[in-house]
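Colleague: I have just opened this model and would be glad of your help with one part of it. Please take your time and explain the terms as you go.

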Amino acid sequence: MGYLYMILSLTCFGFIGICAKLADVRGCKPVAVFTLAYGWSLIFGAVFVALFRGGDFRVPAVVYAIALPFGVASVIGGI
């Protein structure tokens, strides 16, 4: 099941990049596109956890240590 989550997350992250580039080609502001894309992914992730994991948001500290710097770098790269 872990491999399925990994493949789906990589696919969705790729689609975020594709949508951001399409919006940039059409003249949208990149900051607004990234804010909406990451906001919606946060909402969908929280709803998934609340529905299927019973609201159990506990993750190991190493996940935060990896995710936060890469998330910040991704946002900065998009600006």
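What pLDDT does the protein average, and what percentage of the residues score at least 70? After that, please give me a close look at helix α2 (residues 30-52), including how α2 packs with α1 and what its phenylalanines are doing.

Modeller: Happy to! This is a predicted model, in which local features need pLDDT of at least 70 and side-chain atom pairs count only at pLDDT 80 or more, while totals for chains, interfaces and linings use all residues. Residues are numbered from 1 along each chain as its sequence is written, and side-chain values use heavy atoms, with hydrogens and water left out.

The average pLDDT of the protein is 80, and 91% of its residues score at least 70; pLDDT is the predictor's confidence in each residue, on a scale from 0 to 100. Your helix has the lowest mean among the elements, since α2 comes in at 80 while helix α3 (residues 61-78) has the highest, at 83.

For context, the protein has three helices and zero strands, which run α-α-α from the N terminus. Here helices (H or I, at least four residues) and strands (E, at least two) are DSSP runs, numbered from the N terminus. The C-alpha trace spans about 40 × 25 × 20 Å along its principal axes.

Now to the packing. Helix α1 (residues 2-25) and α2 meet at an angle of about 155°, and their axes lie 9 Å apart. Those axes are lines fitted to C-alpha atoms, for helices over the stretch in contact, with angles from 0 to 180 degrees between N-to-C directions. The two helices are therefore roughly antiparallel, the word for angles over 145 degrees (under 35 is roughly parallel, 65 to 115 roughly perpendicular, the rest oblique). The crossing of α1 over α2 is right-handed: the near helix is turned clockwise from the far one by less than a right angle, whereas anticlockwise would be left-handed. C12, which sits in helix α1, has its C-alpha atom 8.9 Å from that of S41, 29 residues away along the chain.

What about the phenylalanines? The whole structure holds two aromatic pairs. In one of them, F48 and F52, the ring centres are 5.0 Å apart and the planes meet at 45°, so the pair is tilted. Rings of Phe, Tyr and Trp (its six-membered ring) pair if their centres lie within 6.5 Å; planes under 30 degrees apart are stacked, over 60 edge-to-face, and the rest tilted. F48 and F52 are separated by about one helical turn because they are four residues apart in α2.

Their surroundings differ in class: F48 is partly exposed at 33% relative accessible area, and F52 is exposed at 61%. Buried means under 20%, exposed over 50% and partly exposed in between (1.4 Å probe, protein chains only). F44, also placed in helix α2, is exposed at 57%. The C-alpha atoms of F44 and A67 are 17 Å apart, with their positions 23 residues apart along the chain. Of the 79 residues of the protein, 9% count as buried.

One last note, on cysteines. A search of the whole structure finds zero disulfides, a disulfide being a pair of cysteine sulfur atoms within 2.5 Å. C28 is in none, and the nearest cysteine sulfur, that of C19, is 11 Å away. C28 is partly exposed at 40%, as is C19 at 47%.
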